[in-house]
Every structure is written in C-alpha cells, then in structure tokens.
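Grab the structure in your viewer and work through these exercises one at a time. Try each task yourself before you read its solution.

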Amino acid sequence: MRRATSKNPSFPRISKKCILTLNSYAKLNLYLEVLKKRPDKYHDLNTLFERITLCDRISLKPLEDSLIRVYCTDKQLQENPRKNLAYLSAMLLRKRFRIKNGVEIRIEKNIPVGSGMGGGSSNAATVLLGLNMLWGLGLTKYELAAIGAKIGSDVPFFIYDVPFALGKGRGERIQPLKRLSNMRLWHILVVPRL
C-alpha cells in the first residue's frame, strides 16, 4: 500500500482545509455471465457485485478558479490525470450543471490498478457523490447513476453504495440485494504484478 509523503513531489500533502474525504471501495464480481454482443459493441451480462472493504481515499477541495486538478499516489495514473475517471466525472458534472468553480481531487490509491476490482469506476462514483454534496446539486442516486453510466459500466453500482447487487445490461442496470446486506464473506485477493 502506497501512502502520500512529502518526498513525493507529484502528490502534494493534503491540506487540513480539505472539505470532504470519502472512501472509494473496491468490488468483486462473484458471478459473471457474458451474454450476446450488443449493437454498441458491449456485451449484455448478468453479474453479482460485492462491495469489499479495500478502498482508495478521495479528498475533494473546492477551488475558486475553474480548474479541475487531480493528484494521485499512483505514478501511472498521475502521468495523465485528464484520462483519470475521477477527472472525467468531475468534468461531466461541471459541464452538465454549468458549475463555474473548480475542484482539487486527491486520490490515495490502495486498489490495484487494472485488477478488475473497479478502482477507477469507484473513484468516478465517489467524485460524483462528493461533488453532488459539495456543489449542492441535490441529485438522487438514480440521477447520479445515469450520469455515471456514461463514464463506465461499473460506476452505477458504486453510486448505490450497497454491499451486494445484481448488474444487468452492460453492468449499469443495478438491482440492490438488500436480503444479503448482513452476509459476510472473506476473500483472499491475489493480484500478480503482470
């Protein structure tokens, strides 16, 4: 697990004036059935999502200028922050609702990049949820999930913030499974460095 330190100049220390800090959880697909190919080149699927306790930390700080700045502890993601899904979700929300102010997004990565655990999608969803609060937009989870589906198929699952859910369509149609809310599973995750 990498932590932000003052020795890493590309990841400045988080200011105590940070307005909002949220956990951005990982997910596992406990079941995945890939169905027919769709006209949009995705596949229809049935999946069972589980939110797990492994998480990144996202800090959002409003800016008086109009910039969106992203800092990330993962050097690979820091190289081109404008391709980061957290940046894209902030831009999408800002354009759609004509928000003038910017935001500083800081991501402390703990979810392995490219592991299939939805780290980027979770970060995007967390930024949408956080900016909804920070910018006082008053959007429902349903509205945020519709926006999130434009960013990535897994984003709506993270918007609903439930421990278990069925995913249909390309994964963006979410049905929370409340009857499983009290179920606890333990996992061993092995992510080879390939």
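**Exercise 1. A salt bridge across the chain**

Find the salt bridge between the side chains of Lys109 and Asp56, and work out which parts of the chain it ties together.

Solution. Keep in mind that you're looking at a predicted model. Start with the atoms: the side chains of Lys109 and Asp56 come together at 2.7 Å or less, specifically 2.6 Å from N to O. Next, place the two residues: Lys109 sits in the loop between strand E4 (102–108) and helix H3 (119–134), while Asp56 belongs to strand E2 (residues 43–63), so the pair ties together parts that are 53 residues apart in sequence. Finally, check the surroundings: Lys109 and Asp56 are both buried.**Exercise 2. Salt bridges elsewhere**

How many salt bridges does the model hold, and which residues form a network of them?

Solution. Step one is the count, which comes to eight salt bridges. Step two is the network: Lys36, Arg38, Asp40 and Asp44 are linked in it. Step three, zoom in on one of its links: Arg38 and Asp40 join through their side chains at 2.7 Å, N to O. Asp40 has 36% relative accessibility, so it falls between the 20% and 50% cut-offs and counts as partly exposed. Step four, look at another bridge: Arg106 pairs with Glu104, with the closest N and O atoms 2.7 Å apart. Here Arg106 is buried, and Glu104 is too.

**Exercise 3. Strand E4 and its neighbours**

Decide whether the residues of E4 are buried or exposed, face by face, and then work out how E4 pairs with E2 and E3.

Solution. First, recall that side chains in a regular strand alternate between the two faces of the sheet. Now go through E4 one face at a time. Gly102, Glu104, Arg106 and Glu108 lie on one side, Val103, Ile105 and Ile107 lie on the other, and all are buried. That fits the tally for the strand, where seven of seven residues are buried.

Now for the pairing. E2 runs antiparallel to E4, with seven bridges between them. To find your bearings on that side, look for Leu63, which stands opposite Gly102 in E4. Strand E3 (residues 68–72) pairs with E4 in the parallel sense, over five bridges. A handy landmark there is Tyr71, whose bridge partner in E4 is Arg106.

**Exercise 4. Reading helix H2 from end to end**

What caps the N-terminal end of H2, what covers its buried residues, and what comes just after it?

Solution. Begin at the N-terminal end. Asn84 provides the cap, with a side-chain oxygen 2.8 Å from the backbone nitrogen of Ala86. Move along the helix next: H2 (residues 85–96) has twelve residues and spans 16 Å from first C-alpha to last, close to the 16 Å expected at 1.5 Å a residue.

Then pick out the buried residues, which are Ala86, Tyr87, Ser89, Ala90, Met91, Leu93 and Arg94. Their cover includes E3, E4, H3 and helix H4 (141–148). Last, step off the end: just after H2, Arg98 has a positive phi of about 50 degrees.

**Exercise 5. What surrounds Thr47?**

Where does Thr47 lie, and what does its side chain reach?

Solution. Locate the residue first: Thr47 is in strand E2. Its relative accessible area is 3%, so Thr47 is buried. Now follow the side chain. There's a polar contact with the side chain of Asn29 at 2.7 Å, and the side chain of Thr47 also reaches the backbone oxygen of Tyr31 at 2.7 Å. To finish, widen the view: leaving aside neighbours within four places in sequence, Thr47 is in contact with Asn29, Tyr31, Leu32, Ala165, Leu166 and Gly167.

**Exercise 6. Sorting out the aromatic rings**

How many aromatic pairs does the structure hold, and which rings do they link into a cluster?

Solution. The structure holds two aromatic pairs. For one of them, the ring centres of Phe49 and Phe157 are 4.7 Å apart and the planes are at 25 degrees, so this pair is stacked. Phe49 comes from strand E2 and Phe157 from helix H5 (residues 155–160), so the pair ties together parts that are 108 residues apart in sequence. Both Phe49 and Phe157 are buried.

In the other pair, Phe157 and Phe158 sit edge-to-face, 5.3 Å centre to centre with 65 degrees between the planes. On accessibility, Phe157 comes in at 1% and Phe158 at 9%, so Phe158 counts as buried too. Put the pairs together and you have the cluster: Phe49, Phe157 and Phe158, linked by their ring pairs.

Key: Residues numbered from 1 in each chain as written. Predicted model: local features only at pLDDT ≥ 70, side-chain atom pairs only at ≥ 80, totals over all residues. Heavy atoms only, no water. Salt bridge = Lys/Arg side-chain N within 4 Å of Asp/Glu carboxyl O. Buried < 20%, exposed > 50% of the residue type's maximum accessible area, 1.4 Å probe, protein only. Helix = DSSP H or I, 4+ residues; strand = E, 2+ residues; numbered from the N terminus. Polar contact = N/O pair within 3.5 Å; in protein donor to acceptor, adjacent residues only side chain to side chain. Contact = heavy atoms within 4.5 Å. Pairing = 2+ DSSP bridges. Expected span 1.5 Å × (residues − 1). Phe/Tyr/Trp six-rings, centres within 6.5 Å; stacked < 30°, edge-to-face > 60°.
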